[in-house]
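Visitor: Please give a close account of a single part of the surface, and then continue from there to the other parts of the chain. I would like the criteria behind each term to be stated along the way.

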Amino acid sequence: TRGMELEPELLLQEARESVEAAQSYRRELGQRLQGLREARRQIKESASQTRDVLKQHFNDLKGTLGKLLDERLVTLLQEVDTIEQETIKPLDDCQKLIEHGVNTAVDLVQEGEIAILGGVGEQNEKLWSFTKKASHIQLDSLPEVPLLVDVPCLSAQLDDSILNIVKDHIFKHGTVASRPPVQIEELIEKPGGIIVRWCKVDDDFTAQDYRLQFRKCTSSHFEDVYVGSETEFIVLHIDPNVDYQFRVCARGDGRQEWSPWSVPQIGHSTLVPHEWTAGFEGYSLSSRRNIALRNDAESSGVLYSSAPTYFCGQTLTFRVETVGQPDRRDSIGVCAEKQNGYDSLQRDQAVCISTNGAVFVNGKEMTNQLPAVTSGSTVTFDIEAVTLGSSNNNEGGNIKLRVTISSNNREVVFDWLLDQSCGSLYFGCSFFYPGWKVLVF
């Protein structure tokens, strides 16, 4: 009977599980439908946008070509006017001369005919004066009238070759791409920044340069943050818990124009930005307090972070923007707590690298060292908790951390023992000479 009682229970259990599975299956399918809707929307919207861009561009071209053709027509018509005016003028002059000659001849004929009619009698005076007058006019001098072959005969030379040239160019003008040649691969959050990585998705496309843009999701326009040949970039000045959109495009080898933009990706950083402590004599800070510059003030001591914002499991990066004169006591590193009274992080409860590349753990120099720090060097710290030791007298015990420091493509790995367990760490730096400038992210 016990088995008989269990069976309905089991059935009920199985039925419940089936209902749950069906609900989760429905949810999953719903998400896939949503994904399909978004895919369809992307195709539709990008197609409609592309249509608008094409129509606008070809309308603009038509307008510009129309204007250019009109201008050329005006120029040619002006040339016709100029030639016509210049070559008609001598003909007008010749015509005036001939018309004057005709008038003279008509007058002479009239006068002569009257003189002849008078006979040779008492009118002899008239005949005599007419003959004298006629002898003074050169009746055999005729002006030159140009032959038709010597006079301009205007025409327009118009061949259709321009149509073939233009036709070839027009038929090759513009292309439609179904997808951009580059896409954003991943967005990695950093304190006060986001690392953006992208990759080529079109094997036939040879990229010469990439161009990365971003904007706050509330802003209407994107701004350039990087142009170059790298395929990743850290975008700084990122406010925590604010959504940003990123997009990337590329320029083909030897080309002027940029490719279409990648599909925009949204990223944000939940991590509080790293900041140096403000108001510390000897160091000047940038407006976001993530860059410290060792100034000319006569002062020594460690400049710490304003709060313990470094957590195990993250990567902490320092970038040396400019260098000053090095000193073996210089330090860039991480520590358990702020301890004043030291002029370097080469002390207990701290790990650091000096500008000459020496590595210190709890104040002791290690045998293996890194290359010297130069302008543009990045130094990264990766720290992970290895074991939590505990002692019976409830004093918290030791904590062992695995530390990896990398600089100039070299790295050292070592264990760091701390007196007390700590969830978060401070970072700091000390330089003895001015000119050192360090960015932290």
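Guide: Two helices, α1 (2-117) and α3 (161-172), each contribute at least two residues to a nonpolar surface patch. Helices (H or I, at least four residues) and strands (E, at least two) are DSSP runs, numbered from the N terminus. The model is predicted, and local features require pLDDT of at least 70, side-chain atom pairs count only at pLDDT 80 or more, and totals for chains, interfaces and linings use all residues. Residues are numbered from 1 along each chain as its sequence is written, and side-chain values rest on heavy atoms, with hydrogens and water left out.

The patch covers about 1100 Å², and its members are Leu-54, Phe-58, Leu-61, Leu-65, Leu-68, Ile-162, Leu-163, Ile-165, Val-166, Ile-170, Phe-171 and Val-176. Patches take residues with over 30% relative accessible area and no salt bridge; like charges are joined within 9 Å, and nonpolar side chains (Val, Leu, Ile, Met, Phe, Trp, Tyr) within 5 Å. The areas come from the Shrake-Rupley method with a 1.4 Å probe, and for residues only the protein chains shown count as cover. Helix α3 gives the largest share of the patch, six residues. Leu-163 is placed in this helix, and its relative accessible area of 56% makes it exposed. On this scale buried means under 20% relative accessible area, exposed over 50%, and partly exposed in between (1.4 Å probe, protein chains only).

Helix α1 also carries charged pairs. A salt bridge is a side-chain nitrogen of Lys or Arg within 4 Å of a carboxyl oxygen of Asp or Glu; the whole structure holds 16 of them. Asp-93 pairs with Lys-89, with 3.6 Å between the closest N and O atoms. Both residues belong to helix α1 and stand four residues apart, about one turn of the helix. Asp-93 is partly exposed at 38% relative accessibility, while Lys-89 is exposed at 53%. In a second pair, Lys-133 meets Glu-111, their closest N and O atoms being 2.8 Å apart. Because Lys-133 lies in helix α2 (residues 124-136) and Glu-111 in helix α1, this salt bridge ties together parts that are 22 residues apart in sequence. Lys-133 is partly exposed, at 38%, and Glu-111 is partly exposed, at 31%.

UniProt, in an unreviewed entry, places a "coiled-coil region" at residues 12-46. In the model this stretch is 100% helix and 0% strand, with its end C-alpha atoms 51 Å apart. UniProt also places "domain: Fibronectin type-III" (unreviewed entry) at residues 180-273. Here the chain is 0% helix and 53% strand, and the end C-alpha atoms are 33 Å apart. UniProt positions follow the numbering used here, feature names are shortened, and annotations may be inferred rather than shown by experiment.

Among the strands, Asp-224 forms a salt bridge with Arg-211, the closest N and O atoms being 3.1 Å apart. This pair links distant parts of the chain, with Asp-224 in strand β4 (residues 223-228) and Arg-211 in strand β3 (residues 207-216), 13 residues apart. Asp-224 is partly exposed, at 40% relative accessibility. Shared partners join Glu-186, Arg-197 and Glu-232 into one salt-bridge network.

Glu-189 is found in strand β1 (residues 182-190) and is partly exposed at 33%. Beyond residues up to four places away in sequence, Glu-189 touches His-268, Ser-269, Thr-270 and Leu-271, where contact means heavy atoms within 4.5 Å.

Two loop residues have an unusual backbone setting. Most residues other than glycine have a negative phi. His-237, in the loop between β5 (232-236) and β6 (244-252), has a positive phi of about 60°. Asn-409, in the loop between β18 (399-407) and β19 (410-418), has a positive phi of about 65°. His-237 is partly exposed at 45%, and Asn-409 is exposed at 87%.

The interior completes the account. A nonpolar core is a set of buried Ala, Val, Leu, Ile, Met, Phe, Trp, Tyr and Cys residues joined through side-chain atoms within 4.5 Å. The largest has 36 residues, of which Trp-276, Phe-318, Val-334, Phe-381, Ile-405, Phe-414 and Trp-416 touch the most other members. Apart from this core lies another, of 16 residues, including Ile-184, Val-196, Val-235 and Phe-246.
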